[in-house]
Amino acid sequence: MSAILKISDLRVAVEGKPILKGVNLEIRQGEIHALMGPNGCGKSTLAYVVAGHPKYEITGGAIELDGVNVLELDPCQRARLGIFLAFQYPVTIPGVKVSDFLRHAVSNVRNPDRKEGEGLIPMKDFRKELKDRMSEIDIDSEFARRYLNDGFSGGEKKRMEILQLSLLRPRFAILDETDSGLDSDAVRAVSEGINKLHGPHMGVLIITHHERLLEFNKPSFTHVMLAGKIVETGDASLAHDLHANGYAAVRERHPAEAAEEQAVTVKA
Amino acid sequence: MDDYQFGFHDPTDKYVFKSRRGLDREIVYQISELKKEPKWMRDFRISSLETFFQKPMPSWGGAVEEIDFQNIFYYMKAAANLEKSWEDVPEDIRKTYDRLGIPEAEKKYLAGVKAQYESEVIYGSLQEDLAKQGVLFTDTDSALRDHPDLFREYFGKIIPPNDNKFAALNSAVWSGGSFIYVPPGVKIEFPLQAYFRINSENMGQFERTLIIVDEGASAHYVEGCTAPTYSSESLHSAVVEIVVKRGGRFRYTTIQNWSNNVYNLVTKRAMAYGDSLMEWVDGNLGSKLTMKYPSIYLMEPGARGETLSIAFANHGQHQDAGAKMVHCAPNTSSRVVSKSISKGGGRASYRGLVKVEKGATNCKSNVVCDALILDSKSRSDTYPYIEAEDDQISLEHEASVSKIGEEQLFYLMSRGMTEAEASAMIVTGFIEPLVKELPMEYAVEMNRLIELQMEGSVG
């Protein structure tokens, strides 16, 4: 039976200012969803909130994974439950080798009851798996010994996120603008990577401004966010239309949200 | 601290000798008498004791005024003999070193071992081929007896008793420590290790180490230290004197992990001659208060000095550590890299001096201090001093203080790391540039100790 990630009437504020104003979204394992919308509409906030970033204040609504109240869990427990966020801006951790980091991450996520200091997955198996996954998404094996994201180019960082995705095999993955700032070769590599990983056991939410990532990973559903709400849901053709014609038509169809969006922009 | 794993202790009722508490001339005479020392050493001790009494307590650094010198045992001998086989070491003591993993490490990767328990070295070994090449690795008391001329030529010359109050104290009551002589051109591949263990409450351990690395020779010496956890304090006050002659290389690595009731007040100094390289790798994880600034006097052109310092100050700890580089000759160079971490209300201070004597032209010195503060209760300070009497020199000093980043923590936690595990990983990464300089076994040990410090630390 496939699991569901269910977001209901989610309301979120940062420093008292409402950002998400009642988001509803259901993703099943195996489905690909696209989330589009103009800058500042709340897409990345949604991604961070699902992953559990502490700076957001949940003012209402719920997030559940197969009935488990996700909002009660810290980011570590959410990861172990099978939620993964590919960061738009992956963080640099100086002095921590990629292979050490990944071995800890994999050990924790595959053995959710693992306590700190308990055994890691066997080095030999892990090395082989890491090598295989790296070659699949075209990352030089030399990166295993480098410090995490330290001195990596934009494209290298994004590939590193996909590598983590491929090793952690989450039930639900959110890709936050994984295609932004990449040249077309890098987008192709990342897209193909996601395409290989996607299957009946992984639900994917792709946040993007562009259509390129979606060419390789055709969404069953496309959602449009405006001023902190999902205002429209369609199929792949909606993504295509937004990409070709922009958000003007969406704003016309949803004047109330467009006005709110305007107000926020003016205030800022 | 609950997470200090070396806090156990052995019974003391079978000790061969235990001095009464307190410090006076009689105690010093008694120590010298027991050791059957020559008159010059007894005189040296007595005059050092006078110096100790005369010198005021340092008014800077840590809270040394809380030390009650009359409540301390200045000399304890736990075993009758210095043994060459672990089997001959009394059982309690042997078990302690087993728990510390010393005999096992010795089998695997050490060229020689000295184990000091309370005031005396109770076990010593050195690989046979090194002994054949003329390498001396013995306890300092035996060196005074067996190599009197070599001993007297250097002893107390690098750090005279009047250098500071605690050097004077050590000079008065010293016992044990390592004596190393590496003959010209002899290169010792594997580390020589000494392990210092305090067992009794209110114990004072005053080892005295003297190391001479002759021309073109090289060696690496490692010391480790632990003590039981008691409610009242013990004192460790060592003096370490080192000479590295022309073209020699020497590295002295310390992994100090005293329990949190030990005052650790140590004077360490090396003199580096022409084209030699002296390195201190100084890891301070334990103790209540550490005041230690390993120094290198660059005596002749081409001498290089390097100090890598790691300090971890946890709850109830003050690590006042650093380095001193004294450029006495032209064309000498020095480098100091210091990384400190403070956590749980601990305080880490970097205190360093770069001094350039008149005429020491074309000297280079580079000092980098990075501090990582893990919470708002903890504190970090930097006290860099520069005294330059020559202006044709290049001095660089960089310092940074950072707090552990929320974004870094979130990133690691979103990959399944607990908050404690994520913090430990960030800290381990922070000191990695220094830890990777250590031989593998010590790097593993250092990382393990850091992880222990980080465990159970966060909500």
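What percentage of the 268 residues in chain A is buried? Buried residues make up 42% of chain A in this predicted model.

**View 1. The overall fold of chain A.** Chain A is built from 10 helices and 12 strands. Along the principal axes, its C-alpha atoms fill a box of roughly 60 × 40 × 40 Å. The radius of gyration of chain A is 19 Å, which agrees with the value near 18 Å for a compact globule of 268 residues. Among the contacts in chain A with a separation of 6 or more, 70% come from residues 24 or more positions apart.

**View 2. Helix α1 of chain A and the residue after it.** Helix α1 spans residues 43–51 of chain A and is mostly covered. How many of its nine residues are buried? Nine of the nine are buried. The buried residues of α1(A) include A:Lys43, A:Ser44 and A:Thr45 at the start of the list, together with A:Leu46, A:Tyr48 and A:Val50. Just after α1(A) comes A:Gly52, which takes a positive phi of about 100°.

**View 3. The six-stranded sheet of chain A.** In chain A, six strands form an open sheet in the order β6-β9-β10-β3-β11-β12, with mixed pairing. Strands β6 (83–86) and β12 (229–234) of chain A stand at the edges; each has a single partner strand, so one side of each is left without a neighbour in the sheet. From one strand to the next, the twist averages 20°.

**View 4. The pairing of β6 and β9 in chain A.** Strand β9 covers residues 172–176 of chain A and pairs with β6(A) in the parallel sense, over four bridges. Which residue of β9(A) is the bridge partner of A:Leu85? The partner of A:Leu85 is A:Ile174.

**View 5. Helix α8 of chain A against the strands.** Helix α8, residues 236–245 of chain A, lies across three strands of the chain: β3 (32–36), β11 (221–226) and β12. The helix runs at about 45° to β11(A).

**View 6. The contact between chains A and B.** Chain A gives 22 residues to the contact, and chain B gives 22 residues. On the side of chain A that touches chain B, the elements that give two or more residues are α2 (75–81), β7 (93–97) and α3 (98–110) of chain A. By class, this side of chain A has 13 nonpolar residues, six polar residues and three charged residues.

Key:
Residues are numbered from 1 along each chain as its sequence is written. Chains are lettered from A and ligands numbered from 1 in the order in which they are written. This is a predicted model: local features need pLDDT of at least 70, side-chain atom pairs count only at pLDDT 80 or more; totals for chains, interfaces and linings use all residues. Two residues are in contact if their C-beta atoms, placed from the backbone, lie within 7 Å. Ala, Val, Leu, Ile, Met, Phe, Trp, Tyr, Cys and Pro count as nonpolar, Asp, Glu, Lys and Arg as charged, and the others, Gly among them, as polar. The radius of gyration is taken over C-alpha atoms; the globule rule is 2.2 Å times the number of residues to the power 0.38. A residue is buried if 20 or more other C-beta atoms lie within 10 Å of its own, exposed if 12 or fewer, and partly exposed in between; C-beta atoms are placed from the backbone. Two strands pair if DSSP finds at least two bridges between them. Axes are lines fitted to C-alpha atoms, for helices over the stretch in contact, and angles run from 0 to 180 degrees between N-to-C directions.
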